[in-house]
Amino acid sequence: MNNKVLNNRAWLLVLPMLVLVAFSAIIPLMTVVNYSVQDVLGPNARFFTGTEWFHSILNDSALRDAFVRQILFSLTILAIQVPLGIGIALIMPKRGWQASAVLILITLPLLIPWNVVGSIWQIFTRGDIGLMGYGLRELGINYNITRNSGDAWATIILMDVWHWTPLVAMLCYSGLRSIPEAYYQAARIDRASKWAIFRYIQLPKLTNVLVIAVLLRFMHSFMIYAEPFVLTGGGPGSSTTFLSQSLATMAIGQQDLGPSAAFSIIYFLVILLVSWVFYTTIMHMQKDKNPNGGA
């Protein structure tokens, strides 16, 4: 019989973080929930509206269009960045000064603030002084992100791929480096091809880091704001206006606290739901491939 006495004083070490989370997340969330069921006309003028704002948000055609654009953008980003990140990780040097140099170079885009990234690409795509815009113009390509929605979309996707693919690559690289050398030795003895090594050794071992990569990239891409706002301002028209920009316009530009609070709650729940679907699907796929839980 285990008579070991538990020391609950260790919870005191966690208490400061719990207090911080309460003030930075829980209390603001309660405030947002409170606003979402009220019509706020002033500091002392509030009226209970129930679920009216939620119905209004769900029936808003402009927000539905922004939601479709957001889903399309996030799925496109994942479809490009995850395979590209895996490919980069596979060709990165494994040891020596070359490995250190590549790691430093590949992390440079991640160090640039989001609003600065938008400014860099705004200059980069200009036809008069931007390298990309000027080069495409000299090649005879009619490229203009302020007038052509296709050009704006392609540029935003290219910008996000440049900015965040290194994160996926670094996560995959760490997963590859954790694979014991004995696995590769056994594969060489069996004369396994590079594709067989990737399919049966490397890819299964990357499942956990890929879950992290997919969740991180989905959540950030679904909340992207600064980069497209600085680059295109949501245009041309509303072709690159995503949910975060619609929420900022409603809450800050129009000062509609009730609808924006309801909008933010729906936004938050959608991110949680889709993230849970991604996580559950990937883990089920891994369980189906490895039903006995082996290495």
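Mentor: Contact means heavy atoms within 4.5 Å. The model discussed here is predicted.

Trainee: Leaving aside neighbours within four places in sequence, which residues is L206 in contact with?

Mentor: The sequence neighbours of L206 within four places are set aside. What remains for L206 is I86, C172, G175 and L176.

Trainee: Which residues touch the most other members of the largest nonpolar core?

Mentor: The largest nonpolar core has 43 residues. L206 belongs to the group asked for, and so does its contact C172. The full group is I57, I86, C172, L206 and F263.

Trainee: Which helix gives the most to this core?

Mentor: The helix in question covers residues 207-222. With eight residues in the core, the top contributor is helix α10.

Trainee: How many residues are in the other core that lies apart from it?

Mentor: This other core includes F73, L136, W153 and V161. It lies apart from the largest core, and its residue count is 17.

Trainee: How are α8 and α9 oriented, roughly parallel or roughly antiparallel?

Mentor: Helix α8 spans residues 181-189 and helix α9 spans residues 194-205. Their axes come within 11 Å and cross at roughly 170 degrees. Angles over 145 degrees count as roughly antiparallel. Therefore α8 is, relative to α9, roughly antiparallel.

Trainee: By class, what residues make the contact of α8 with α9?

Mentor: From α8 the contact takes Y183, Y184 and A187. From α9 it takes I197, I201, Q202 and K205. Sorted by class, these are five nonpolar, one polar and one charged.

Trainee: Is Q202 buried or exposed?

Mentor: Q202 is found in helix α9. Not counting residues up to four places away in sequence, it touches L90, L176, I179, Y184 and I197. Its relative accessible area is 12%, and the cut-off for burial is under 20%. Q202 is therefore buried.

Trainee: Which residues does UniProt list for "transmembrane region", and how far apart are the end C-alpha atoms of residues 197-219?

Mentor: The unreviewed UniProt entry lists residues 12-33, 71-91, 103-124, 152-176, 197-219 and 260-279. Among these, residues 12-33 are 100% helix and 0% strand, with end C-alpha atoms 30 Å apart. Residues 197-219 are 96% helix and 0% strand, and their end C-alpha atoms are separated by 31 Å.

Trainee: How far apart are the end C-alpha atoms of residues 67-278?

Mentor: UniProt, in an unreviewed entry, places the feature "domain: ABC transmembrane type-1" at these residues. Over residues 67-278 the chain is 75% helix and 0% strand. The end C-alpha atoms of this stretch lie apart by 18 Å.

Conventions
Residues numbered from 1 in each chain as written. Predicted model: local features only at pLDDT ≥ 70, side-chain atom pairs only at ≥ 80, totals over all residues. Heavy atoms only, no water. Axes fitted to C-alpha atoms, helices over the stretch in contact; angles between N-to-C directions. Helix = DSSP H or I, 4+ residues; strand = E, 2+ residues; numbered from the N terminus. Parallel < 35°, antiparallel > 145°, perpendicular 65-115°, else oblique. Nonpolar A, V, L, I, M, F, W, Y, C, P; charged D, E, K, R; others polar. UniProt positions renumbered as here; feature names shortened; annotations may be inferred. Buried < 20%, exposed > 50% of the residue type's maximum accessible area, 1.4 Å probe, protein only. Core = buried A, V, L, I, M, F, W, Y, C linked by side-chain atoms within 4.5 Å.
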